[in-house]
Amino acid sequence: MTHAPFDVLDLGVTPYRDAWDLQKQHHERVVAGGRPVLLLVEHPPVLTLGRKAREGTNIIVTRDYLTRQGIEVLEVERGGDVTYHGPGQLVAYAIFPVGRKVADFLRLLEQATIAALRDLGLPDARPNPGYAGVYVNPREVNGRTYDQKIASFGVAVKRHVALHGLGLNVTTNLQHFELIVPCGLDDTHMTSVQREYDLRGQPRTASMQDARDALTRAFTDTFATYDWTLPATAAAGS
């Protein structure tokens, strides 16, 4: 593994709002020319609404129900629709210079996640053309075939530096995804590393630490030749 040209900070379990504030602080620092950082975190249960969330219409329970369950709902500036974060999901916020190469950056996020999942014993991890995120092989349920999504992506780029990133389901409570239409896709089931182990008869337990280590290695290798140049107009606010 090559030496990482970015810092990695493990925030443990951190409330979404607190991690959001930290993202913004690091974003300002990177915009000013500071060293890029990859933030790794788990959140208490929360639903976030991206720019395509259409007023939360893909939340299929009432807000009162969510309040009683202790699940917060927040509107954020990332792309995408509604998604869930919770314990057992490894969230990675890559506060990296991007410039105008947003599509290329998203492909690298996918590549890093796929490499991490293959390292964790899921060799069929792959992108799904036309959709952001990482999937494993489709599965038939009651005569209908569903895509199996294991990682969700949502990124914002401000002043040429990325915010937000990805959520990888490791030991996530997948029942919480039944509160929403994940990312607005009704032909998709959410899965996790642990669920895939169980369904494939792999006698192993998914580990958050193993996932952190695998993702850190994958990011380091995937971004080894990345262009970290920050456009001169970034700090000026363009």
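# Exercises on cores, rings and odd backbone angles

The accessible surface of the protein is about 10,700 Å², with 50% of that belonging to carbon and sulfur atoms (Shrake-Rupley method, 1.4 Å probe; for residues, only the protein chains shown count as cover). We're working with a predicted model, where local features need pLDDT of at least 70, side-chain atom pairs count only at pLDDT 80 or more, and totals for chains, interfaces and linings use all residues. Residues are numbered from 1 along each chain as its sequence is written, and side-chain values use heavy atoms, with hydrogens and water left out.

## Exercise 1: the overall picture

Work out how many helices and strands the protein has, and what share of its residues is buried.

*Solution.* Start with the elements: there are five helices and eleven strands. These are DSSP runs numbered from the N terminus, helices being H or I with at least four residues and strands E with at least two. Next, burial: 52% of the 238 residues are buried. Buried means under 20% relative accessible area, exposed means over 50%, and partly exposed is in between (1.4 Å probe, protein chains only). Last, the contacts, meaning heavy atoms within 4.5 Å: of those between residues at least 6 apart in sequence, 77% join residues at least 24 apart.

## Exercise 2: the largest nonpolar core

Find the residues that touch the most other members of the largest nonpolar core, then say which element gives the largest share.

*Solution.* A nonpolar core is a set of buried Ala, Val, Leu, Ile, Met, Phe, Trp, Tyr and Cys residues joined through side-chain atoms within 4.5 Å. The largest one has 39 residues, and F105 and F219 touch the most other members. Two or more residues each come from β2 (37-42), β6 (89-95), α3 (102-119), β9 (144-158), β10 (161-169), α4 (193-199) and α5 (208-222). The largest share, seven residues, comes from α3.

Now zoom in on F105. Skipping neighbours within four places in sequence, F105 is in contact with A94, F96, V98, V155, A162, F223 and Y226. Apart from this core lies another, of 17 residues, with V91, Y93, I95 and V161 among them.

## Exercise 3: checking helix α3

Compare the end-to-end distance of α3 with the expected span, and pick out the buried residues.

*Solution.* The expected span of a helix is 1.5 Å times one less than its number of residues. For the 18 residues of α3 that gives 26 Å, and the end C-alpha atoms are 26 Å apart, so the two agree. The buried residues in α3 are F105, L108, L109, E110, A112, T113, I114, A116 and L117. Just after the helix, G121 takes a positive phi of about 95 degrees.

## Exercise 4: rings around F96

Classify the pairs that F96 makes with F105 and with F219.

*Solution.* Rings of Phe, Tyr and Trp (its six-membered ring) pair if their centres lie within 6.5 Å; planes under 30 degrees apart are stacked, over 60 edge-to-face, and the rest tilted. The structure holds 13 such aromatic pairs. For F96 and F105, the centres are 6.3 Å apart with 70 degrees between the planes, which makes the pair edge-to-face. For F96 and F219, the centres are 6.3 Å apart and the planes sit at 80 degrees, so that pair is edge-to-face too. F96 lies in the loop between β6 and α3, and F219 in helix α5, so the pair ties together parts 123 residues apart in sequence. Both F96 and F219 are buried. Zooming out, F6, F96, F105, F219, F223, Y226 and W228 form one aromatic cluster.

## Exercise 5: two histidines and a threonine

Decide whether H160 and H164 are buried or exposed, and note the sign of phi for each.

*Solution.* H160 is found in the loop between β9 and β10. Its phi is positive, about 75 degrees, although H160 is not a glycine. With a relative accessible area of 7%, H160 is buried. H164 lies in strand β10 and also has a positive phi, near 65 degrees. At 3% relative accessibility, H164 counts as buried.

Now list what T191 touches.

*Solution.* T191 lies in the loop between β11 (188-190) and α4, buried with a relative accessible area of 0%. Not counting residues up to four places away in sequence, T191 touches V136, Q148, K149, I150, N169, L174 and E196.
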